[in-house]
Amino acid sequence: MPAAVIPLLWFQILAALLFTIGVVGVLVRRSALVIFMSIELMLNAVNLSFVAFSRQHVSMDGHIFVFFVMAVAAAEVAVGLAILIAIFRNRDTASVDEVRLLKG
Amino acid sequence: MILQGLLFAMFAGTAVGCAIGMVFHRNPVHCALLLVAVLLSISGLFVLLNAPFIAALQVLVYAGAIMVLFLFVVMLLNIRGESPLLTTGSAKGFGILFAIIVFVELLWTVLSPSTELSAPTSMLPRGFGSPAAIGRVLYTVWLYPFEITSILLLIAVVGAVVLAKRKFL
């Protein structure tokens, strides 16, 4: 069976595009929940880049790194959503424009 | 090659389209479902890159566990779409400008001739990216990081329970 021979560059450009969309989501949206989703999107773009390089260099270290990124992302989402619940319970909003306790 | 190119175009198009939809959709539930579509297409791209184990993990962990967590929170808190969708004032323009700068920088890095690489080889070792091969590397070379990850997840579980308790913040 012939293996995939799609050039690395295509995956790199796609990963850059997805990462940028995630950056736009984090910087522009007001809802903290959608900001979390955009962070997941950025992590996934980086994962795609890792796996593409792994394929290019025929080394499985990239796969291992994606595994760790997924574990950290799961931990981040669990804690982040718990913080979101705590904020929502006290302020009755999930908008990052309303929550500015540290802004002075 | 033709088939793989077509599959790549399909998955990449779905991923980018759904990602843009996710960032600019008003209803959080729709945002979550569009993110599921993005994650599933990325999983398809992983299959194209000869990483079947990572693709399965992507579906299980992201599209399964993390998305259910998101949907739980949306329904638990009854979050509705906020009335001004985007941040107001100079933050919005600055954010988009900054994102464009990031994109140009990333493209610059990707397209710079110093990273010139040969075409990926079509000859892969037997079992590349299979669960057995990944497990062998994970439990020998990466054993300590793997164990530390379990501690990280434990801390996350404890932290989530403590934070979500009533009368904390």
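This is a walk through a predicted two-chain model, stop by stop, with what to select at each one.

Before you click, note that residues are numbered from 1 along each chain as its sequence is written, while chains are lettered from A and ligands numbered from 1 in the order in which they are written. Because the model is predicted, local features need pLDDT of at least 70 and side-chain atom pairs count only at pLDDT 80 or more, while totals for chains, interfaces and linings use all residues.

**Stop 1: where the chains meet**

Show both chains and colour them separately. Here 65 residues of chain A are in contact with 74 residues of chain B; contact means that C-beta atoms, placed from the backbone, lie within 7 Å. On the chain A side, the elements giving two or more residues are α1 (8–28), α2 (32–57) and α3 (61–91). Helices here are DSSP runs (H or I, at least four residues), numbered from the N terminus. Pick out α3(A), since that helix provides the largest share of this side, 22 residues. By type, the chain A side divides into 50 nonpolar, ten polar and five charged residues. In this count Ala, Val, Leu, Ile, Met, Phe, Trp, Tyr, Cys and Pro are nonpolar, Asp, Glu, Lys and Arg are charged, and the others, Gly among them, are polar.

**Stop 2: along α3(A)**

Stay on α3(A) and check its length. At 1.5 Å a residue, its 31 residues should span 45 Å, and the end C-alpha atoms are 44 Å apart, which agrees; the expected span is 1.5 Å times one less than the number of residues. Just after the helix comes A:D92, with a positive phi near 60°.

Now step back to A:V58, in the loop between α2 and α3 of chain A. Its phi is positive too, about 45°, although A:V58 is not a glycine. Most residues other than glycine have a negative phi. A:V58 counts as partly exposed because it has 13 C-beta neighbours inside 10 Å. The scale runs like this: 20 or more other C-beta atoms within 10 Å is buried, 12 or fewer is exposed, and in between is partly exposed, with C-beta atoms placed from the backbone.

**Stop 3: the α2–α3 loop of chain B**

Hop over to α2 (28–48) of chain B, where 21 residues should span 30 Å and the end C-alpha atoms are indeed 30 Å apart. B:N50 follows this helix and sits in the loop between α2 and α3 of chain B. Its phi is positive, near 60°, and with 20 C-beta neighbours inside 10 Å B:N50 counts as buried.

B:A51 lies in that loop as well. So is B:A51 buried or exposed? With 28 C-beta neighbours inside 10 Å, it counts as buried. Leaving aside neighbours within four places in sequence, B:A51 is in contact with A:V51, A:H63, B:F46 and B:G129. Select B:P131 too: it is 80 residues away from B:A51 in sequence, but 9.4 Å away in space, C-alpha to C-alpha.

**Stop 4: the core**

Finish with the largest nonpolar core, which has 72 residues. Such a core is a set of buried Ala, Val, Leu, Ile, Met, Phe, Trp, Tyr and Cys residues joined through C-beta atoms within 7 Å. α2(A) gives the most to this core, with 13 residues. A:M37, B:L35 and B:V38 have the most contacts inside it. Zoom in on B:L35: beyond its neighbours within four places in sequence, B:L35 is in contact with A:M37, A:E40, A:L41, B:M22 and B:M67.

How values were computed:
Contact = placed C-beta atoms within 7 Å.
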